[in-house]
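User: Please take a close look at one helix pair in this protein and at the nonpolar core. Start with the surface.

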Amino acid sequence: MSRQATHSHSSSQRASYDTPSIIALSLTLVLWASAFAGIRAGLEGYSPGALILLRFLIASGALIIYALVTRMRMPELRDIPAMILLGGIGITIYQFGLSYGETSVTAGTAGLLIATVPCFTVLLATIFLGERFSVWGWVGMAISFVGVVLISFNGEGGLSFTPGALLILLASFSESVYFVIQKRYLRKYTGLELATYNLWGGTLFMLIFLPALWSELPHAPLGATLSVAFLGLFPAAIANLLWTFALSRSSASKAITFLCVSPVVSLVIAWVWLREVPTLIALGGGFVVILGVVLINFKGKVETKHEAPLVPEAHPVEVLLPDEQVTATPE
């Protein structure tokens with residue numbers, strides 16, 4: 001049987017949902033969407049740098065335990081520099097931009113702005129990977145950027161890109177760069193392995209915030225510390241395991257239908273947890289962004305290079321083909 005036929009047969013076996021995959025996808029959706037509100041709650045007691053370091057020390061520790069229990073293979077020595085680089089781009093810069101951005105941007109708005117990742121990915125994939133996108137893909141990208149403009153209007157009706165919003169867009173761009181660079185390694189390592197290596201690599205860069213964490217931890221409110229612990233254990237660690245499990249039982253194209261609504265769920269969680277009430281124009285802009293993302297994910301791709309199938313695993317925001325792998329950087 002040819003490689004393409006084998007992949008098609010494997011994909012068809014994973015095409016339908018079952019109860020365990022629905023539960024895993026639903027939990028993943030809620031956990032990743034809750035990260036935006038969790039960051040805002042953690043910022044009540046920690047500076048952004050101390051927050052991301054504590055969060056990823058906890059996540060790294062949890063994944064070290066998982067790696068030991070499951071006897072996860074380690075990366076080849078020659079790949080370790082690349083794993084550290086990917087961690088710096090996809091974990092450290094992303095979390096830096098997101099956490100510092102949320103000091104002046106609400107959790108719900110942050111979730112809407114992060115939804116622009118597929119737009120940047122389309123541009124980078126076109127330039128560096130030679131991928132082609134249909135007219136619908138480009139229309140979707142334009143629609144999403146219109147949504148970003150709407151979100152950025154202030155209460156007086158003027159366009160106002162705050163430093164926080166720009167930092168969150170930097171996080172979105174870094175995530176897109178991460179997706180493009182990592183593709184070659186996804187043919188060598190499983191998505192969960194790569195996400196774990198990158199998380200460890202990204203945590204190394206965060207150690208520059210160790211003095212801040214050392215001074216803030218003893219004085220931080222218990223609620224803020226528990227929020228950071230939640231971020232480390234659940235959105236950063238457990239959600240990736242759940243996503244891997246879900247993709248082992250269903251196709252990526254079907255799984256992504258759950259996760260396209262993540263920005264909406266993040267708005268609801270921010271309202272319940274933090275009592276953040278989004279403006280009507282921000283809500284409208286957010287739904288415009290989501291419409292563009294849906295067009296990109298499901299109507300955008302028209303041609304791909306013939307490549308070996310990828311091992312299924314991990315994150316909602318990469319531009320997807322049916323049954324193509326998605327990889328994770330924790331929210």
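Analyst: The accessible surface comes to about 14200 Å² (Shrake-Rupley method, 1.4 Å probe). Carbon and sulfur atoms hold 71% of that surface. This is a predicted model: local features need pLDDT of at least 70, side-chain atom pairs count only at pLDDT 80 or more, and totals for chains, interfaces and linings use all residues. Residues are numbered from 1 along each chain as its sequence is written, and side-chain values use heavy atoms, with hydrogens and water left out.

The protein has 14 helices and two strands (DSSP runs, numbered from the N terminus: H or I of at least four residues for helices, E of at least two for strands).

Now the pair. Helix 5 (residues 107-114) packs with helix 13 (residues 262-274) at an angle of about 170 degrees. Their axes, lines fitted to C-alpha atoms over the stretch in contact, lie 8 Å apart. Angles run from 0 to 180 degrees between N-to-C directions, and those over 145 count as roughly antiparallel. The two helices are therefore roughly antiparallel.

Ala-107, Gly-108, Thr-109, Gly-111 and Leu-112 of helix 5 contact Pro-263, Ser-266, Leu-267, Ala-270 and Leu-274 of helix 13 (heavy atoms within 4.5 Å). Six of these residues are nonpolar, four polar and none charged (Ala, Val, Leu, Ile, Met, Phe, Trp, Tyr, Cys and Pro count as nonpolar; Asp, Glu, Lys and Arg as charged; the others, Gly among them, as polar).

Next, the core. The largest nonpolar core has 62 residues (buried Ala, Val, Leu, Ile, Met, Phe, Trp, Tyr and Cys joined through side-chain atoms within 4.5 Å; buried means under 20% relative accessible area, 1.4 Å probe, protein chains only). Tyr-46, Leu-98 and Ile-114 touch the most other members. Helix 3 (residues 48-70) gives the most to this core, with nine residues.

Methods. Parallel < 35°, antiparallel > 145°, perpendicular 65-115°, else oblique. Buried < 20%, exposed > 50% of the residue type's maximum accessible area, 1.4 Å probe, protein only.
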